[in-house]
Amino acid sequence: MEGWKTLSKTNVYDTLKERGFIKQVTDEDAVQAALGNSQVTAYVGFDPTADSLHVGNLLGLMALAHLQRAGHRPIALIGDGTGMIGDPSGKTEMRQLLTREKIASNAERINAQINRYFTMDGHAGFAVRNADWLLDLNLVEFLRDIGRHFSVNRMLAAESYKVRMETGLSFIEFNYQILQAYDFLKLFRSHGCTLQMGGDDQWGNIIAGTDLIRRVESQPAEGLTWPLLTTAGGQKMGKTAKGAVWLDGSKTSPYEYYQYWINVDDRDVVALLKYYTFLPMTEIEKLARLEGAEIRKAKEVLAYETTEITHGKGEADKAREASRSAFGGGGQDISAVPTTEMASSRFDAGVLVVDVFAEVGLTKSKGEARRLIQQGGAYVNEKKVETIDDSLTIANAVEGALMLRAGKKRYHRLMIK
RNA sequence: GGAGAGGUACCCGAGUGGCCAAAGGGAACAGACUGUAAAUCUGUCGGCGCAGCCUUCGGAGGUUCGAAUCCUCCCCUCUCCA
């Protein structure tokens with residue numbers, strides 16, 4: 001509480017608003033006043049559907065971090081209880097149910113991951129698991145105490161269930177909202193949590209929670225959503241051809257992570273700087289003034305800052321150097337480029353370039369490698385591979401390594417040992 | 001449980017005995033143009049020892065010289081009825 005007074009010079013609500021985090025709010029004046037006058041405990045839920053969070057979850061982490069920086073108390077709720085069911089919001093079909101063990105191990109890893117984004121000392125901020133209170137619920141009791149506050153008519157009318165009304169909605173999914181509302185009530189009671197935040201697809205679920213608290217506790221609770229981000233190209237934020245961009249460095253390397261951000265569409269840069277970095281608005285406005293090829297500088301800032309937030313300064317430096325050296329002069333550090341080792345004996349008789357590209361994962365198959373070469377997109381040490389019969393020997397290596405390139409952007413280093 | 005519709009490559013979706021490795025679109029990939037951006041144009045887009053061969057059209061069998069296409073059984077999805 002002491003920290004509150006010293007940190008609260010500006011109202012976080014305004015910060016969130018100018019950075020684009022506000023899409024819908026239950027009661028704007030009330031939320032703004034609360035965040036400006038007192039310490040607020042707020043929560044965001046994270047689903048343990050995978051063993052790592054991805055860029056799509058990052059907005060929630062950023063929002064919580066902003067709150068904590070302003071002296072408020074963030075709670076990260078890991079939905080290992082609701083995860084047993086699967087949130088139908090915005091989905092067109094039933095989500096694959098995960099096993100209990102899988103959810104538990106995912107929750108464990110996500111819990112560890114969240115530490116990176118804000119302090120979770122149990123005091124300034126912390127994580128909770130809803131399995132702790134959901135798994136042992138007694139159905140009949142629950143229906144009497146909580147279920148009676150929900151109107152099926154209203155739930156069915158909700159936008160989030162609309163799509164599913166046509167394709168089918170299972171009973172357990174239909175209950176998801178009730179459980180999420182119950183989570184909010186639970187956190188309200190045990191931790192004085194009065195604000196739930198989430199993506200706009202969560203609006204219905206959040207409202208269900210504030211309504212429930214009003215009904216059973218006769219006290220106000222608020223909710224807030226941020227917009228669901230799509231890139232200028234119409235893609236979901238954080239998705240690439242290969243799938244999600246993960247926050248776990250072993251699933252998406254810091255270098256790949258950096259590359260994801262530097263490759264964003266020009267039109268998205270400014271918005272992304274606001275969402276995904278802590279740079280002051282004045283700084284961002286300066287970057288926003290860049291035009292044409294200069295925009296790349298803003299992208300480099302974006303890539304560096306985001307990589308630092310998720311992977312730390314050391315990795316961010318390495319990724320930046322690797323990126324600079326790979327794309328037009330500058331640094332020397334190529335240690336962040338994906339690397340594979342290969343025994344020198346393999347090179348004695350010469351290895352087909354096609355085999356190497358496929359083996360290293362630069363292409364999915366040898367056929368694809370052949371096509372790549374025929375189309376003139378395969379390079380070894382920056383020299384174009386001319387024919388599909390080309391092979392490599394020790395003589396091609398420079399300081400015991402080969403730099404392979406597929407297309408313009410994908411590099412892979414081959415160490416010979 | 002009853003009646004009907006359907007399951008085709010990453011996604012959508014044509015094809016209903018040979019001309020089908022399977023139209024078309026989207027996504028993706030490469031090249032040109034660029035700024036590691038966008039747009040546009042061109043090409044590619046199952047695998048391989050690549051003028052040929054192998055494996056695909058929910059699964060397993062069968063008919064046939066020949067099947068994604070016909071038959072049998074099974075699995076799954078959707079709609080209506082109970």
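**Exercise 1. Chain A as a whole**

Among contacts in chain A between residues at least 6 apart in sequence, what percentage join residues at least 24 apart?

*Solution.* The structure is a predicted model. Among the contacts in chain A that link residues at least 6 apart in sequence, 72% join residues at least 24 apart. The next step is to list the secondary structure: chain A holds 19 helices and 15 strands. Finally, buried residues account for 48% of the 417 residues in chain A.

**Exercise 2. The six-stranded sheet**

Determine the strand order of the open sheet that contains E1 to E6, and identify its edge strands.

*Solution.* Step 1: the strands of this open sheet follow the order E1-E6-E5-E2-E3-E4, with mixed pairing. Step 2: strand E1 (24-25) and strand E4 (126-129) are the edges, since each pairs on one side only.

Step 3: consider one pair inside the sheet. Strand E2 (residues 41-46) and strand E3 (residues 73-78) run parallel and are joined by six bridges. Within this pair, Ala42 has Pro74 of E3 as its bridge partner.

Step 4: place the helices that lie across the sheet. Helix H11 (residues 176-191) lies across E2, E3, E4, strand E5 (193-199) and strand E6 (222-226), and runs at about 145 degrees to E5. Helix H12 (residues 203-217) lies across E1, E5 and E6, and its direction makes an angle of about 170 degrees with E6.

**Exercise 3. The nonpolar cores**

Describe the largest nonpolar core, and state which helix gives the most to this core.

*Solution.* Step 1: as a general expectation, nonpolar side chains in soluble globular proteins tend to be buried together. Step 2: in this model the largest nonpolar core has 61 residues. The residues with the most contacts inside this core are Leu58, Leu61, Ile114, Met197, Leu224, Trp261 and Tyr276. Step 3: helix H4 (residues 55-69) gives the most to this core, with eight residues.

Step 4: another core, of 27 residues, lies apart from the largest one; Ile85, Leu134, Ala208 and Leu212 are among its members.

Step 5: examine Leu224 individually. Leaving aside residues up to four places away in sequence, Leu224 touches several residues, including Tyr13, Phe21, Ile22, Leu195, Met197 and Ile206.

**Exercise 4. The surroundings of RNA strand B**

How many residues are around RNA strand B, and which of them come nearest?

*Solution.* Step 1: there are 30 residues around RNA strand B, and Asn263, Asp266, Ser323, Arg370 and Arg371 come nearest. Step 2: of the atoms of RNA strand B that come within 4 Å of the protein, 61% belong to sugar and phosphate.

Step 3: locate individual side-chain contacts. An N or O atom in the side chain of Gln259 is 2.8 Å from a base oxygen of RNA strand B. The side chain of Lys408 likewise has an N or O atom 2.9 Å from a base oxygen of the strand. For Lys299, a side-chain N or O atom is 3.0 Å from a sugar or linking oxygen of RNA strand B.

Step 4: assign the surface to elements. Helix H9 (159-167), helix H13 (254-262), helix H16 (295-311) and helix H19 (366-374) are the elements that give two or more residues to the surface near RNA strand B. The largest share, five residues, comes from H19.

**Exercise 5. Strand E15 and its partners**

Is strand E15 mostly covered or mostly uncovered? State also how E9 and E14 run relative to E15.

*Solution.* Step 1: strand E15 (residues 410-416) is mostly covered, with five of its seven residues buried. Step 2: strand E9 (residues 339-342) runs parallel to E15 and is joined to E15 by four bridges. In this pair Met342 stands opposite Ile416.

Step 3: strand E14 (residues 401-406) runs antiparallel to E15, with six bridges between the two strands. Leu402 has Leu414 in E15 as its bridge partner. Step 4: E14 and E15 form a hairpin with three residues between them, and Gly407 in the turn has a positive phi of about 70 degrees.

**Exercise 6. Positive phi outside glycine**

Locate Ser218 and Asn381, and classify the accessibility of each.

*Solution.* Step 1: most residues other than glycine have a negative phi. Step 2: Ser218, although not a glycine, has a positive phi of about 55 degrees. Ser218 lies in the loop between H12 and E6, and Ser218 counts as exposed because its relative accessibility is 60%, above the 50% cut-off.

Step 3: Asn381 also has a positive phi, near 50 degrees. Asn381 is found in the loop between strand E11 (378-380) and strand E12 (383-384). With a relative accessibility of 28%, Asn381 counts as partly exposed.

Key:
Residues numbered from 1 in each chain as written. Chains lettered and ligands numbered in written order. Predicted model: local features only at pLDDT ≥ 70, side-chain atom pairs only at ≥ 80, totals over all residues. Heavy atoms only, no water. Pairing = 2+ DSSP bridges. Contact = heavy atoms within 4.5 Å. Axes fitted to C-alpha atoms, helices over the stretch in contact; angles between N-to-C directions. Core = buried A, V, L, I, M, F, W, Y, C linked by side-chain atoms within 4.5 Å. Buried < 20%, exposed > 50% of the residue type's maximum accessible area, 1.4 Å probe, protein only. Near = heavy atom within 4 Å. Polar contact = N/O pair within 3.5 Å; in protein donor to acceptor, adjacent residues only side chain to side chain.
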